[in-house]
Amino acid sequence: MGLYRVVSLVFVWQLAASVCYYAVFAATPFFRDRFRLSGTEVGLVVTSLTLGYAAFLLPLGAITDRYGERRTLTAGLLGLSTGAILVTGSWSYPTLLVSTFLLGSLYGTAMPGTNKAIFDTTPPGRQNLAVGIKQVGVTAGSGASALLVTGIAGVLYWEAGFYVAAAGGLAVAAAFWAVYRGSGGAGEASYPDFRRLASNRPYRALAGAGVCLGAGLFTTTGYTIIYVEESVGASVAFGGLVLAAVQVSGSVGRVVTGWLSDALPGDPRRRIGAVLLVQSLLSAASFVGVAVVDRRLLAAGAFVVLGCFILGCTGVYYSCLATLVSADEMGGATAGGQLALTSGALFAPPAFGYLADAVGYRTSWLMLAALALVAAGFVARVIATEPPSDVTPAAE
């Protein structure tokens with residue numbers, strides 16, 4: 001398959017999958033109203049979603065390595081569409097947690113499958129930009145879900161947005177199966193060699209950075225609409241527009257950093273790591289900016305700047321990962337890297353909600369700023385530490 005055809009197909013798949021997954025984040029104010037949730041309980045909805053994601057990343061990464069991305073990505077999108085419908089049928093808070101867990105578990109096919117598709121079919125020198133473009137599907141899907149759920153809720157009811165997302169996912173799954181031709185699988189399923197990865201010091205440091213960056217990324221996505229409504233005093237619809245704008249700026253950040261990762265001179269690990277280091281530091285500064293502004297337009301602008309850095313970091317995060325592991329480890333190693341990202345989302349949203357209820361939102365945002373600084377420290381170690389001598393990086 002041609003390069004542009006592969007990237008386009010993977011982008012569309014990622015877009016449809018992310019609309020289904022991130023619709024949960026856009027619906028948090030409606031969950032709060034329906035089930036009368038506290039800030040901590042809203043955070044637990046996000047935790048349940050990401051726990052399902054985290055729990056199935058490694059087995060789905062191993063399955064991707066065995067059976068190939070065409071089968072796993074098609075099945076994953078079918079499951080995501082079904083999960084979106086299940087969320088709308090939740091009749092209590094416990095059933096909401098169960099349905100979001102199931103939805104999140106199927107999203108575990110996304111990163112191992114799409115990254116394998118990109119690095120198996122894209123020539124060196126264009127891989128990082130291709131990953132950045134593919135990752136735009138995440139932010140574009142999240143932005144679309146924010147407009148879809150909050151927009152339709154003003155005309156019909158919030159569940160209708162999930163029905164539209166599910167219908168789109170089913171259509172894309174059918175088209176992807178019919179059109180995509182990948183490299184196939186390795187014929188056997190295996191989990192990542194944790195002993196080998198643990199001995200890879202820069203990979204270990206990157207995973208530490210992923211925990212901190214994931215905490216900021218998923219918490220920002222989950223609380224933007226609620227924060228804009230409760231603290232800034234705007235409507236849910238305006239909050240949906242802000243979240244969509246955050247995702248647009250995140251998309252720009254992913255493409256620009258992907259281009260920089262390919263264009264800058266020098267050793268790939270060091271130049272890509274330097275881009276990620278700058279993004280981590282600017283994320284910390286942007287969290288502080290969100291914490292100190294409270295006017296409607298200033299808050300919206302602060303969120304847009306924040307999105308460019310904290311949501312824009314994942315493309316270069318995976319590009320950096322590809323400089324630390326060999327090509328035959330990409331499916332499993334990507335699952336491990338994504339597991340690190342989602343691990344941050346297991347504790348940060350409830351902690352953020354608790355601090356917001358107990359002390360105030362400013363403290364919550366400053367907590368995320370501190371975590372971004374910790375991430376920058378881990379990335380500095382990635383840059384300074386050589387990978388094992390027997391590793392031939394997947395990306396050069």
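## Close-up views of a helical chain

**View A. At a relative accessibility of 39%, Glu-230 counts as partly exposed, a class that lies between buried (under 20% relative accessible area) and exposed (over 50%), as computed with a 1.4 Å probe on protein chains only.** This is a predicted model, in which local features need pLDDT of at least 70 and side-chain atom pairs count only at pLDDT 80 or more, whereas totals for chains, interfaces and linings use all residues. Residues are numbered from 1 along each chain as its sequence is written, and side-chain values use heavy atoms, with hydrogens and water left out. The side chain of Glu-230 meets that of Arg-32 in a salt bridge, with an N to O distance of 2.8 Å; such a bridge requires a side-chain nitrogen of Lys or Arg within 4 Å of a carboxyl oxygen of Asp or Glu. The two partners come from distant parts of the chain, Glu-230 from helix α10 and Arg-32 from helix α2 (residues 28-35), with their positions 198 residues apart in sequence. Helices are DSSP runs of H or I with at least four residues, strands are runs of E with at least two, and both are numbered from the N terminus. Unlike its partly exposed partner, Arg-32 is buried, its relative accessible area being 17%.

**View B. Arg-34 and Glu-159 form a salt bridge whose closest N and O atoms are 2.4 Å apart.** Because Arg-34 lies in helix α2 and Glu-159 in helix α8 (residues 159-179), the pair ties together parts of the chain that are 125 residues apart in sequence. Arg-34 counts as partly exposed at 39% relative accessibility, while Glu-159 is buried with a relative accessible area of 11%. The structure holds two salt bridges.

**View C. Helix α2 is mostly covered, with six of its eight residues buried.** The buried residues of α2 are Thr-28, Pro-29, Phe-30, Phe-31, Arg-32 and Phe-35. Just after this helix comes Arg-36, which is found in the loop between α2 and α3 (39-67). Although Arg-36 is not a glycine, it has a positive phi of about 55 degrees. Most residues other than glycine have a negative phi. In terms of solvent access, Arg-36 counts as exposed, with a relative accessibility of 76%.

**View D. Phe-162 is among the residues with the most contacts inside the largest nonpolar core, together with Phe-31, Tyr-107, Phe-303 and Trp-365.** This core has 119 residues, where a core is a set of buried Ala, Val, Leu, Ile, Met, Phe, Trp, Tyr and Cys residues joined through side-chain atoms within 4.5 Å. When residues up to four places away in sequence are not counted, Phe-162 touches Ala-23, Val-24, Ala-27, Phe-31, Ala-84, Val-87, Thr-88 and Val-149, contact meaning heavy atoms within 4.5 Å.

**View E. Thr-220, a residue of helix α10, is buried with a relative accessible area of 1%.** Its contacts beyond four places in sequence are with Phe-287, Leu-306, Ile-310, Leu-311, Trp-365 and Leu-368. Trp-365 is also one of the residues with the most contacts inside the largest nonpolar core.

**View F. Ala-173 lies in helix α8 and is buried, with a relative accessible area of 1%.** Leaving aside neighbours within four places in sequence, Ala-173 is in contact with Thr-74, Leu-77 and Leu-78. The C-alpha atoms of Ala-173 and Ala-16 are 8.7 Å apart in space, although the two residues are 157 residues apart in sequence.

**View G. Val-256, in helix α11 (residues 236-263), is partly exposed, with a relative accessible area of 41%.** A separation of 9.7 Å is found between the C-alpha atoms of Val-256 and Val-316, which are 60 residues apart along the chain.

**View H. The whole chain has 16 helices and zero strands.** Of its 396 residues, 60% are buried. Among contacts between residues at least 6 apart in sequence, 85% join residues at least 24 apart.
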